[in-house]
Amino acid sequence: MECGGKKMVLKPIRTSKKFDDDDEEEAEAILLSPGSRMFHEPDFNIHIVAIMGWKIPLDIDTLKAQLLSKLLKHPRFSSLQVMDESGEMRWIPTIVNVDDHVIVPQLDVNNNNNNNMDTDKLIEQYISNLSTTNIDISKPLWDYHILNVKTSYAEATSVFRFHHSLGDGIALMSLLLSCSRKTSDPTSLPTLPVSYSKEKKSNSNNKTNIRSLIWQYMVKLWLFIRLLFNTVVDVLLFGATALFLKDSQSPFTVAKGFNNKHSTRQRFVYRTVSLDDIKFIKNATNATINDVILGITQAALSRYIHRKYDVEGKMKEQMRCRATVLVNLRPALGVQAVAEMIEKNAMLFRNLFGFKGAAKLAKRVPSQTTLAFSNVAGPLEEVSWSGHPLAFLAPTCYGQPTGLMVHACSYAKKLTFAITVDEGMISDPNQLGDDFVDSFISINEAARSKFRTKLH
């Protein structure tokens, strides 16, 4: 692994027990999954960051006890990742000292200053500095930073950081939420939206309408053909992107003629909007919540790009700007058995191309596009950790081969956009964050104007 010009190498170790064919079941239980192994390939050192705002100051001892009683029960958070003499990487259980993972920095804060803008910048700077460091490989690859400083967004902030080899974002988010409880009912786990399909049943006692049945089959056939066509097109575009198809140069991409340069330092900004308004836009436009979130993202990037090009006089008539969209393919959502979720981490590309080939492909495709995009549904109601009510949740990551990542996360009646930018490419990330809010306001006003027109 590499970060900040320094490589992290997992050196072979001697294990006290040899794993042979007769002990295959036990060996498989502690081998790193293919997905986890891939994140140890060079130039693919990705960390997941969960920024959490709280409504009250954090009690450090209480939170440490929470980590000991719940988080450390999962073996991946109490195991080292090591390479044995055969070159296989394995989970090795270890004794965890929670004090080695919980970091409480001494921040230079003027308590007499009531201006939260200064503390906002201080917290933003601290989280940004995390992107230039690695987690010590001599301990389980996670840490928790407690920042007991009041900002414009919360009374305190904490940051969970995980190496991506511990699991994917959905599984790790579910693990965090499994440690929380409903604020309204401290004995109950949080509730997540669940996708389900409604089976339509007819209450009519009349004979089946043959024409209607035929029409339904024709519609299903057309939908299948369209799905097949779109799948073929997407596969071809994926292949072309991996080989040669690249997005147009913009403030978000690195190209000759621009002063943008890749940096090892990332900047994290987050903006929160009303989830009820998002749902109103969805209903007014007969779309989905994902459509609305993507529409806001596109409008925000358009605002930013037009502003930059208008100043520099380099605006093009046409511009290719695509996103690598990360989606969850699990059949069910919710706070479920996290261990099972994490272990089911097989990868098609790894089976076809091997670890190194899969890692290169996983890096090549996003690097040819403008941004990475992801969203996840959070709890439907407010939650607490050991009596600490959560104000907002902004998960994101750094180390991805794109200069921009947008991650949307819902929580109770809010939706937070977490925006990660390469500092060498985008020098004013807060302006980009404001563009998200302005785009949301414009779309919301347009939807409500359309709704009022319908009423009249």
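**Entry 1: the second cavity**

I started with the second largest cavity and listed its lining: Ile48, Ala50, Phe162, Gly169, Leu172, Met173, Leu176 and Pro395. Two elements, β3 and α5, give two or more residues each to that lining. For the record, a cavity here is a set of points on a 1 Å grid over the protein atoms alone where a 1.4 Å probe fits but cannot get out, and a lining residue has an atom within 4 Å of a point.

Note to self on the source: this is a predicted model, where local features need pLDDT of at least 70 and side-chain atom pairs count only at pLDDT 80 or more, while totals for chains, interfaces and linings use all residues. Residues are numbered from 1 along each chain as its sequence is written, and side-chain values use heavy atoms, with hydrogens and water left out.

Which element gives the most to the lining of the second largest cavity? That is α5, with four residues. I put the volume at about 40 Å³; a volume is the space filled by probe spheres set on the grid points, which are joined across faces, edges and corners. By residue class the lining holds seven nonpolar, one polar and no charged. The classes are: Ala, Val, Leu, Ile, Met, Phe, Trp, Tyr, Cys and Pro as nonpolar, Asp, Glu, Lys and Arg as charged, and the others, Gly among them, as polar.

**Entry 2: the largest cavity**

How many cavities of 30 Å³ or more does a search of the whole structure find? I get two. The largest has a volume of about 50 Å³. Its lining is made of Met52, Trp54, Met173, Leu176, Leu177, Ser180, Val383, Trp385, Leu390 and Leu393. I sorted these into nine nonpolar, one polar and no charged. At least two residues come from each of β3, α5 (169-178), β13 and β14, and α5 again tops the list, here with three. Element names follow DSSP runs numbered from the N terminus: helices are H or I of at least four residues, strands are E of at least two.

**Entry 3: α5 and β3**

Both elements turn up in the two linings, so I checked how covered they are. The scale: buried is under 20% relative accessible area, exposed is over 50%, and partly exposed is in between (1.4 Å probe, protein chains only). In α5, seven of the ten residues are buried, namely Ala171, Leu172, Met173, Ser174, Leu175, Leu176 and Leu177.

Strand β3 (residues 47-54) has eight of its eight residues buried. In a regular strand the side chains alternate between the two faces of the sheet. In β3, His47, Val49, Ile51 and Gly53 point one way, Ile48, Ala50, Met52 and Trp54 the other, and all of them are buried.

Next I looked up the partners of β3; two strands pair if DSSP finds at least two bridges between them. With strand β8 (residues 156-163), β3 makes eight bridges in the antiparallel sense, and isoleucine 48 has phenylalanine 162 as its bridge partner there. With strand β14 (residues 388-398), β3 also runs antiparallel over eight bridges. Which residue of β14 is the bridge partner of glycine 53? I found phenylalanine 392.

**Entry 4: the five-stranded sheet**

I moved on to an open sheet of five strands, in the order β10-β16-β15-β12-β11, with mixed pairing. The edges are β10 (266-274) and β11 (323-326), each pairing on one side only. Neighbouring strands in this sheet are turned by 20 degrees against each other on average, direction ignored. Axes are lines fitted to C-alpha atoms, for helices over the stretch in contact, and angles run from 0 to 180 degrees between N-to-C directions. Inside the sheet, β15 and β16 run antiparallel and share eight bridges; histidine 407 has alanine 418 of β16 as its bridge partner.

**Entry 5: positive phi**

Most residues other than glycine have a negative phi. I noted two residues with a positive one. Alanine 412 has a phi of about 55 degrees and sits in the loop between β15 (404-411) and β16 (414-422). Is alanine 412 buried or exposed? It is buried, at 17% relative accessible area. Serine 386 has a phi near 50 degrees and lies in the loop between β13 (383-385) and β14. At 33% relative accessibility, serine 386 counts as partly exposed.

**Entry 6: the annotated stretch**

Last, I checked the unreviewed UniProt entry, which annotates residues 221-245 as "transmembrane region". UniProt positions are given in the numbering used here, feature names are shortened, and annotations may be inferred rather than shown by experiment. In the model, residues 221-245 are 92% helix and 0% strand, with the end C-alpha atoms 32 Å apart.

Conventions
1 Å grid on protein atoms, 1.4 Å probe; cavity = no way out; pocket = protein on both sides within 12 Å on 5 of 7 lines; lining within 4 Å.
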